[in-house]
Amino acid sequence: MSRLVYCDQKMIDLDACEVVYDTPFTPESLKEDFEAPSGHWSVKDGWLVGVHRENSGGMLYTKQSWDFDLIMEFDAEAIPPCKNDLNFVIKTSGWDSVHHDAGPGYIFGLGGWWLDKAGIEKYPTCKPRCLTELYPLESGKLYHIIAGVIDGHCFFYASGKLVCEMYDPAPEDFVGCGKIGFDTYASQIRYKDLRVYRAAYTERTLEYTPNF
């Protein structure tokens, strides 16, 4: 059965999208496929575990970069007693070693922005930014995440609910940014069953049917 995701006028069939990464988390895949410029990252019982106690981002990025629109799918949870910053990044350049900070990219998160907000922002300008208080992060709750960036259209589902979506008016700024990754900010988060897709979609027609 097809797994469909609807975002604005896009209908995305995940089963029809090309899978470009689908390797289980192991100590070997962590070493071979990822780079961790900040934070402490390890694999335990198939879970990628990120721990960072400082008020900054603990970052992990794929070494591989994909020069096309991407969708990520994975499971994640905030490890009790933590209840903030279940974060991940899409279409990023990776770590900026000159400024010792995350490079350009789109940051997605639950329980973030210091006020338990969920949302998406374009880094490092932080504009545009789309945030909501309507999806608080629960410690110890497992979330199934589906998120992507298609020509500057960013969208974010958590356990079947659309958390938010955002349009970047200048997506051309992200030429050469094709990595994905994870980020935990003064928290500890674990991730499992990562799958990365080459995004594909079909347009759908939206219209009202008057009921009066």
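The exercises below, each with a worked solution, concern a predicted model.

**Exercise 1. Classify the ring pair formed by Phe 25 and Phe 182, and state where in the chain each of the two residues lies.**

Solution. Begin with the geometry: the ring centres of Phe 25 and Phe 182 are 6.3 Å apart, and the planes of the two rings meet at 70°. Ring planes over 60 degrees apart count as edge-to-face, so the pair of Phe 25 and Phe 182 is edge-to-face. Next, place the two residues: Phe 25 belongs to the loop between β3 (18-21) and α1 (27-33), while Phe 182 belongs to strand β17 (residues 179-198). With these positions 157 residues apart, the pair links distant parts of the chain. Finally, consider exposure, for which the result is that both Phe 25 and Phe 182 are buried.

**Exercise 2. Classify the ring pair of Phe 182 and Tyr 191, and then set this pair in its wider aromatic surroundings.**

Solution. The ring centres of Phe 182 and Tyr 191 are 4.2 Å apart, and their planes make an angle of 40°. Planes under 30 degrees apart would be stacked and planes over 60 would be edge-to-face, so the pair of Phe 182 and Tyr 191 is tilted. Phe 182 has a relative accessibility of 0% and therefore counts as buried, and Tyr 191, also at 0%, counts as buried too. To widen the view, note that the structure contains 14 aromatic pairs, and that ring pairs join Phe 182 and Tyr 191 into a cluster whose members include Tyr 21, Phe 34, Trp 41 and Phe 74.

**Exercise 3. Identify the residues that touch the most other members of the largest nonpolar core, and find the strand that gives the most to this core.**

Solution. The largest nonpolar core has 42 residues, and those that touch the most other members are Phe 88, Phe 108, Leu 110, Phe 156, Phe 182, Tyr 191 and Leu 194. Strand β17 gives the most to this core, namely six residues. A second core, separate from this one, consists of 12 residues, among them Val 5, Ile 71, Ile 150 and Tyr 157.

**Exercise 4. Find the charged side chains that sit over the rings of Tyr 201 and Trp 47.**

Solution. For Tyr 201, the residue lying over the ring face is Lys 10, at 5.3 Å from the ring centre. For Trp 47, the charged end of Arg 190 sits over the ring, at 4.0 Å from its centre. Arg 190 can be followed one step further, since it is one of the residues that Val 49 touches. Val 49 itself is found in strand β6 (residues 47-62), and at 14% relative accessibility it counts as buried.

**Exercise 5. Locate the cis peptide bonds at Pro 81 and Pro 124, and the positive phi values of Asp 8 and Trp 113.**

Solution. The background is that most peptide bonds are trans and that most residues other than glycine have a negative phi. Taking the bonds first, the one from Pro 80 to Pro 81 is cis, with omega near 5°, and Pro 81 lies in the loop between β7 (70-78) and β8 (86-92). The bond joining Tyr 123 and Pro 124 is also cis, with omega about 10°, and Pro 124 lies in the loop between β12 (117-123) and β13 (129-132).

Turning to phi, Asp 8 has a positive value of about 50° and is placed in the loop between β1 (4-7) and β2 (10-13). Trp 113 has a positive phi near 60° and is placed in the loop between β11 (105-112) and β12. As for exposure, Asp 8 is partly exposed at 30% relative accessibility, whereas Trp 113 is buried, with a relative accessible area of 12%.

**Exercise 6. Work out the strand order of the open sheet that contains β18, and decide which strands stand at its edges.**

Solution. The sheet has three strands in the order β1-β2-β18, and their pairing is antiparallel. Because β1 and β18 (202-203) each have a single partner strand, they stand at the edges, and one side of each is left without a neighbour in the sheet. Between β2 and β18 the antiparallel pairing runs over two bridges, and the bridge partner of Met 11 in β18 is Thr 202.

Key. Residues are numbered from 1 along each chain as its sequence is written. This is a predicted model: local features need pLDDT of at least 70, side-chain atom pairs count only at pLDDT 80 or more; totals for chains, interfaces and linings use all residues. Side-chain values use heavy atoms; hydrogens and water are left out. Rings of Phe, Tyr and Trp (its six-membered ring) pair if their centres lie within 6.5 Å; planes under 30 degrees apart count as stacked, over 60 as edge-to-face and the rest as tilted. Helices (H or I, at least four residues) and strands (E, at least two) are DSSP runs, numbered from the N terminus. Buried means under 20% relative accessible area, exposed over 50%, partly exposed in between (1.4 Å probe, protein chains only). A charge sits over a ring if NZ of Lys or CZ of Arg is within 6 Å of the ring centre and within 35 degrees of the ring normal. Contact means heavy atoms within 4.5 Å. Two strands pair if DSSP finds at least two bridges between them. A nonpolar core is a set of buried Ala, Val, Leu, Ile, Met, Phe, Trp, Tyr and Cys residues joined through side-chain atoms within 4.5 Å. Lists of a residue's contacts leave out its neighbours within four places in sequence.
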